[in-house]
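User: I am new to this structure and would like a close look at a single residue in it. Please set out the whole protein before turning to that part.

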Amino acid sequence: MSKLLEVDAIDVDYGDFRALHGITLTVAEGETLAVIGANGAGKSTLLKTIAGLLRPSAGQVRFDGHDVSRTPAHRRVREGIALTPEGRRIFGSLTVEENLEVGAHGRRPGPWSLQAVYDTFPLLAELRTRRGAHLSGGEQQATAIGRALMSNPRLLLLDEVSLGLAPVVVADIYQALPAIAEKGTTVLVVEQDLTQALTVADRVQCILEGRTVLEGAKSEVTREQVQAAYFGID
Ligand code: ATP
């Protein structure tokens, strides 16, 4: 499998504070990688850097073989990198369908359409005329993922799908991820929730205080190892 995303030894700083220390990761085309870490480990910082909202102070982000470290965020969207941010950012005054259409602005050609999103999240088809402000957290999360898919991304970055949602709602949303991968969309999900992330991922990478502490194919790492890495237990 060819490497779609290569993050090579990036440092990311907020002023004097270094949030990421030499993080390296790769995601092959068609694969699902879960980056797991506790609150404050640096997961959102990592996704923002891949999406172009933050610049690394050292290292490189390569997408489809070329360096995008200096490419602005809006151009990365056109190249096929879509971020579903923490907090979802749904437009409250727009309907579900209008929110999805926002994601289609300047889209790349590809398998995703309103119908494909509705097939993946049947709930959204039922809610198509409901305004964003009247959606539950889980419905907003599904809308946010659908909106990102509407740009036809080659790489979908999902920030903390589970945050603030009831376990049953989280499970529903995670159930859609294999269908997304089957359409050829590569997925990088960051999570605090081990259980769901381990279910969908082909590979896992654990970060602790901005450093990689464990990585491997899901078949190679045990839940106990992931848990120990998560809490920083040697
Ligand atoms: P969370 O689950 O809380 O989002 P996270 O793993 O995504 O955690 P980040 O949000 O990437 O972690 O934060 C990594 C570190 O960087 C934390 O110590 C955090 O306090 C710090 N940090 C994040 N954003 C900023 C900022 N804008 N300015 C200064 N420090 C920041």
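Analyst:
**From the whole protein to threonine 45**

In this predicted model, the secondary structure of the protein consists of 10 helices and 10 strands. The radius of gyration is 17 Å, close to the 17 Å given by the globule rule for 234 residues, so the protein is as compact as a globular protein of that length. Measured out along the principal axes, the C-alpha trace spans about 50 × 35 × 35 Å.

Of the 234 residues in the protein, 51% are buried. Contacts between residues at least 6 apart in sequence can also be sorted by separation: 68% of them join residues at least 24 apart. The accessible surface of the protein amounts to about 10,500 Å², and carbon and sulfur atoms account for 50% of that surface. The protein has 24 positive and 29 negative charges, and the mean positions of these two sets are 6 Å apart.

Now to the single residue. Threonine 45 is part of helix H1, which covers residues 43-51. Its relative accessible area is 7%; because buried means under 20%, threonine 45 counts as buried. Which residues is threonine 45 in contact with, leaving aside its neighbours within four places in sequence? They are Val12, Tyr14, Ala19, Leu20 and Leu54. Threonine 45 is thus a buried residue in helix H1, in contact with Leu54 as well as with Val12, Tyr14, Ala19 and Leu20.

Key
Residues are numbered from 1 along each chain as its sequence is written. This is a predicted model: local features need pLDDT of at least 70, side-chain atom pairs count only at pLDDT 80 or more; totals for chains, interfaces and linings use all residues. Side-chain values use heavy atoms; hydrogens and water are left out. Helices (H or I, at least four residues) and strands (E, at least two) are DSSP runs, numbered from the N terminus. Buried means under 20% relative accessible area, exposed over 50%, partly exposed in between (1.4 Å probe, protein chains only). Contact means heavy atoms within 4.5 Å. The radius of gyration is taken over C-alpha atoms; the globule rule is 2.2 Å times the number of residues to the power 0.38. Accessible areas come from the Shrake-Rupley method with a 1.4 Å probe; for residues, only the protein chains shown count as cover. Lys and Arg count as positive and Asp and Glu as negative; His and the chain ends are not counted. The place of a charge is taken as NZ of Lys, CZ of Arg, CG of Asp or CD of Glu.
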